[in-house]
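The following report looks at aromatic contacts and strand pairing in one protein chain. Please read it alongside the sequence and the coordinates.

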Amino acid sequence: MSRPARITINLAALRHNLRQIRQMAPGSAVLAMVKSNAYGHGLERIALALPDAEAFGVASLEEGLHLRYAGITQPIVLMEGLFHPNEVSRAIAYDFTCVVHQVEQVEMLERHPKSRPIPVWLKIDTGMHRLGFQPEKVREMYQRLMNCKAVQKPIGLMTHFACADSIDREHTLQQIELFNSITAGLPGPRSLSNSAGIIAWPSAHADLIRPGIMLYGASPLAGHRGVEHNLHPVMVLGSELIATHQLVKGDRVGYGGIWTCPEDMRIGVVGIGYGDGYPRHVKNGAPVLVNGRPCPLVGRVAMDMLTVDLRTQPEAKVGDPVLMWGPGLPVEVVAEYSETTAYELLTRITQRVGVIVKSEDKMDMVDDGFHLRPEEFLGH
């Protein structure tokens, strides 16, 4: 691995988090959310590391196919359902489960020739106002699916919380009450809780929980950290110092000169930037850990590098390790300095970043970013 920007994926932490999730909701099956490349952690590697998960959730048929090609045999749920009628046959052939949230999707199934039936979850809009049937339409759509020969019975019933991660408890209570009222008397498994619901709403765990961000060690609750829930970070983003400089008072640092040295001082240049997925819009003062100790970011994040204040580390040198997020520096902290969420940061890691996978007893480099032919690497 030449360039030092890299992520380390800790599969032991991943499995610990799944065990912790099960302790929070011992009576519920787990639909592990692995959409968007498993939140940036690697779709196939994460699913293969979770053989005990009852099912996996993806955003599209294509993501589901990647899992089937990798040998995943558990149920795979297409969380946005089918987008085109020609996907129905493939969904059946690869044994996918479909979320149904629009009448057009019901019609796709009704028009499909009789074949092996497909499992479905009927999604209900209880207040998110994004995907799902309005309450007054639920019974009609449920009956149409019950009458459809292409649909496997029983039919699952699902909703999604809009505010479970915030202090707006009233809205979530209303969603739970509405869901229970709408589905009363209808047979079939229930699923309400995403990560925030798992932590904050035990009464809504139901038959199937859908952990996403918490599976990867971050908290879904605003202002909180994964460690507060006994979750361990699965991704560690790191790099190294690639240069150090002694500057004088008044020197301006980086593009636009947006940060000025307040005194004679040393700065370090870190080999990572927004081209690797680190946020360009992070505020000056955001912490990184150089040799395990905090140093503030100064100047503007560039595509390939960024600069840090080394006044607290007079001995820091080229090659010293720099932690961007991970144990000791939660990704939630970087997200707050960037006025975004851990979800966005984790899913933005780019192709060129090297990947190291760590299991309980060994560490393997599985991908060193872009690949060169031997003659290109040697400069021929």
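In this predicted model, the count of aromatic ring pairs comes to five. One of them joins Tyr39 and Tyr216, whose rings are stacked with 5.0 Å from centre to centre and 25 degrees between the planes. Because Tyr39 belongs to helix H2 (residues 35-40) whereas Tyr216 lies in the loop between S9 and S10, this pair ties together parts that are 177 residues apart in sequence. Tyr39 is buried, its relative accessible area being 7%, and Tyr216 likewise counts as buried, at 2% relative accessibility. A further stacked pair is formed by Tyr94 and Phe96, since the ring centres are 6.2 Å apart and the planes meet at 25 degrees; planes under 30 degrees apart count as stacked. Here Tyr94 is partly exposed, with a relative accessible area of 28%, while Phe96 is buried at 0% relative accessibility.

The accessibility of the four residues in these two pairs is listed below.

| Residue | Relative accessible area | Class |
|---|---|---|
| Tyr39 | 7% | buried |
| Tyr216 | 2% | buried |
| Tyr94 | 28% | partly exposed |
| Phe96 | 0% | buried |

Ring pairs also link Tyr39 and Tyr216 with Tyr343, and the three residues make up a cluster. A contact of another kind involves Arg169, whose charged end sits over the ring of Trp201 at 4.2 Å from the ring centre.

Turning to the strands, an open sheet of eight strands with parallel pairing follows the order S8-S7-S6-S5-S4-S3-S2-S9. Its edges are formed by strand S8 (190-191) and strand S9 (208-209), each of which pairs on one side only. Within this order, strand S6 (residues 120-123) and strand S7 (residues 156-158) are joined in the parallel sense by three bridges, and Trp121 stands opposite Gly156 of S7.

Antiparallel pairing is found around strand S13 (residues 265-270), which is mostly covered, six of its six residues being buried. Met265, Ile267 and Val269 point one way from S13, whereas Arg266, Gly268 and Val270 point the other way, and all of them are buried. Strand S10 (residues 235-247) runs antiparallel to S13 and is joined to it by six bridges, with Val269 of S13 as the bridge partner of Ala243. S13 also pairs in the antiparallel sense with strand S16 (residues 306-309), over four bridges, and in this pairing Ile267 stands opposite Asp309 of S16.

Methods. Residues are numbered from 1 along each chain as its sequence is written. This is a predicted model: local features need pLDDT of at least 70, side-chain atom pairs count only at pLDDT 80 or more; totals for chains, interfaces and linings use all residues. Side-chain values use heavy atoms; hydrogens and water are left out. Buried means under 20% relative accessible area, exposed over 50%, partly exposed in between (1.4 Å probe, protein chains only). Helices (H or I, at least four residues) and strands (E, at least two) are DSSP runs, numbered from the N terminus. Two strands pair if DSSP finds at least two bridges between them. Rings of Phe, Tyr and Trp (its six-membered ring) pair if their centres lie within 6.5 Å; planes under 30 degrees apart count as stacked, over 60 as edge-to-face and the rest as tilted. A charge sits over a ring if NZ of Lys or CZ of Arg is within 6 Å of the ring centre and within 35 degrees of the ring normal.
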